[in-house]
Amino acid sequence: MAVAVSGNLCTCLFRYLVLAFLAFSVIFSTASFLFPNLSSEDLRKNAAGLIQRGAGAAGVSTGALSWIDNQSPTFEIDSIHYSNQKLAIQPVRNQEGSNQHMVDEDFYLSKVYSTAMQPSKVMPYYFKAEGVFDKEEVTITTLITENRFGVFKKLVRNYRGPISVSIWIRDDEYKDQHFTALHELYDSEPLLRKYVDFHVVVDRFDFQLNMWRNVARLFARTDYFMLLDVDFHICTNLRQHLKESPRALELLRQGSALVLPAFEYTNEEDGVDSATFPVIKAEVEKQVNDKKLIAFHAAKFVPGHGASNYPKWYATNEIYQVTEFNYKYEPYVILKKEGTPWCDERFVGYGANKAACLYEIYISGIDYYVLPNDFLIHQSHAYPESKRSGGRKLNAELYGAFRDELCFRYAKAMYFANELNTPKARNMKTQCSSLKGFDAALRAFPQMWKTQPPKIDAGAK
């Protein structure tokens with residue numbers, strides 16, 4: 001009897017061991033398939049990093065925000081993708097967090113991007129750069145999808161400075177594959193770990209370009225940022241040139257915009273390999289004279305960059321102001337992070353999105369200045385024109401109404417701030433004066449809104 005019991009016990013133990021082994025094998029195989037280049041240690045580090053990502057990334061003048069998490073690290077794929085974070089908001093002078101208020105991260109960011117298409121899942125600092133950056137560095141802010149991962153690595157290797165990038169992943173049945181590709185990208189280049197803050201946006205809406213730009217800017221960690229499309233190669237040592245230019249730093253500190261002239265090759269094959277691009281201004285001039293290089297879109301859309309005044313750029317070594325601004329102008333610019341208007345997120349799809357952003361920046365009172373010795377060259381690639389034409393038409397109609405709205409909104413704001421007769425209002429007046437009825441409305445403002453406080457009877461209590 002005892003022998004029979006012992007035999008049954010051994011059989012049960014053996015079965016449990018086999019089942020445990022099979023379960024472990026399935027879990028290990030699944031993880032290896034989903035993350036072929038990630039070790040278990042990588043997964044642990046990434047999960048832990050997600051739980052802490054973004055700490056101290058945002059703040060307000062009357063309080064403090066910090067990201068915290070109320071759960072331990074887990075290693076399941078959904079937990080790696082989506083951390084369950086909360087924001088702690090409390091007064092700066094608060095003692096021991098007695099008045100701390102907890103807000104779900106998703107709820108908070110839904111308000112931050114409330115004019116964008118919803119629902120959108122924003123994950124700040126999905127990967128956070130290990131580098132520590134000087135506050136007066138320029139952070140490149142850009143946006144990419146999976147098909148631009150290769151050219152993005154070239155940008156990082158070339159710039160070797162802070163970069164804040166928004167990465168869009170479509171929320172569909174292939175989502176996990178796209179996340180796997182992102183992890184593979186991150187592991188493929190050590191410089192990404194050092195210099196790049198990755199912010200992931202997951203939704204079903206194509207090309208929310210201005211929203212993606214705002215995500216990258218919001219979480220940039222230096223005082224200045226550059227609006228740059230990932231396909232443009234910075235040909236010069238821009239970081240060093242800015243450090244050595246007191247005038248450029250003075251303009252940035254006072255809130256002006258710095259423009260980098262952009263070029264493209266007339267023969268697209270010449271524009272594929274950025275290693276062959278010129279690195280000094282004299283070589284650019286030579287290639288322009290030889291008809292190899294032209295100002296970007298000069299053959300298709302002159303207003304897009306014409307206001308940079310390329311003839312003057314060739315002739316000077318001094319920073320100069322843009323004096324012929326137009327509402328179609330869309331240069332690549334360096335700006336101060338604080339005080340610069342955000343890109344309007346109602347523009348979805350191609351066409352007018354960047355122009356609308358730069359137009360609002362200009363009429364808000366920010367002047368544009370062109371750097372004399374730095375430049376960009378476009379790296380050639382195929383354009384999916386079929387995906388662009390429809391958006392261009394719709395956004396062109398939206399942009400017309402948007403400009404009218406901006407003119408009256410900024411005029412009213414400047415009136416109440418007593419700025420209508422200051423240099424800050426010059427750009428707004430210049431751009432908006434052609435609108436029918438605009439000048440008459442400005443003259444009527446004092447009758448529409450009484451800005452003087454009512455007289456108070458001296459004997460009143």
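# A guided tour, one selection at a time

Start by selecting Glu136 and Arg253: these two residues form a salt bridge, and their closest N and O atoms lie 2.8 Å apart. The partners come from distant parts of the chain, 117 residues apart. Glu136 sits in the loop between strand 5 (121–127) and strand 6 (138–144), while Arg253 belongs to helix 10 (residues 246–253). Keep in mind as you explore that this is a predicted model.

Now colour the pair by accessibility. Glu136 is partly exposed, with a relative accessible area of 31%. Arg253 is partly exposed as well, at 43%.

**More salt bridges**

How many salt bridges does a search of the whole structure find? The search gives 23, so let us visit a few of them.

Select Asp197 and Arg221 next. Their side chains meet in a salt bridge, with 2.8 Å from N to O. This pair also links distant parts of the chain, 24 residues apart: Asp197 is in strand 8 (residues 196–203), and Arg221 is in the loop between helix 8 (209–218) and strand 9. Is Asp197 buried or exposed? Its relative accessibility is 3%, and residues under 20% count as buried, so Asp197 is buried. Arg221, at 25%, counts as partly exposed.

Move on to Asp171 and Lys175, whose side chains form a salt bridge at 3.4 Å, N to O. Here Asp171 is partly exposed, with a relative accessible area of 25%, whereas Lys175 is buried at 17%.

For a group rather than a pair, select Asp344, Arg346, Glu360, Glu405 and Arg409 together. A network of salt bridges links these five residues.

**The nine-stranded sheet**

Switch to a cartoon view and look for an open sheet of nine strands. Follow the strands across in the order 5-8-7-6-9-15-11-16-14; their pairing is mixed. Why does one side of strand 5 and of strand 14 (320–321) lack a neighbour in the sheet? These two strands stand at the edges, and each has a single partner strand, so one side of each is left without a neighbour there. In general, strands of a sheet pair through backbone hydrogen bonds, in either a parallel or an antiparallel sense.

Select strand 15 (residues 332–336) within this sheet. Four of its five residues are buried, so strand 15 is largely enclosed by the rest of the structure. Now add its partners:

- Strand 9 (residues 224–227) pairs with strand 15 in the antiparallel sense over four bridges. Show Phe225, which stands opposite Leu335, and then Tyr224, whose bridge partner is Lys336.
- Strand 11 (residues 257–260) pairs with strand 15 in the antiparallel sense too, over three bridges. Here Val259 has Val333 as its bridge partner.

Next, bring in a helix. Helix 8 lies across strand 5, strand 6, strand 7, strand 8, strand 9 and strand 15, and runs at about 145° to strand 6.

**The four-stranded sheet**

Now find another open sheet, this one with four strands in the order 10-17-12-13 and mixed pairing. Strand 10 and strand 13 (293–295) stand at its edges with a single partner strand each, so one side of each has no neighbour in the sheet. Turn the view slowly to see the twist, which averages 35° from one strand to the next.

Zoom in on strand 10. Which way does strand 10 pair with strand 17 (residues 376–378), parallel or antiparallel? The pairing is antiparallel, over three bridges. To see one matched position, show Ile234, which stands opposite Leu376 in strand 17.

**Last stop: His233**

Finish by selecting His233, which is found in strand 10 (residues 232–234). His233 has a relative accessible area of 13%, so it is buried. Which residues is His233 in contact with, leaving aside its neighbours within four places in sequence? Show Asn158, Ser274, Phe277, Phe375, Leu376, Ile377 and Gln379 around His233 to see these contacts. You have already met Leu376 on this tour, as the residue in strand 17 opposite Ile234.

Technical notes: Residues are numbered from 1 along each chain as its sequence is written. This is a predicted model: local features need pLDDT of at least 70, side-chain atom pairs count only at pLDDT 80 or more; totals for chains, interfaces and linings use all residues. Side-chain values use heavy atoms; hydrogens and water are left out. Buried means under 20% relative accessible area, exposed over 50%, partly exposed in between (1.4 Å probe, protein chains only). Contact means heavy atoms within 4.5 Å. Two strands pair if DSSP finds at least two bridges between them. Axes are lines fitted to C-alpha atoms, for helices over the stretch in contact, and angles run from 0 to 180 degrees between N-to-C directions. A salt bridge is a side-chain nitrogen of Lys or Arg within 4 Å of a carboxyl oxygen of Asp or Glu.
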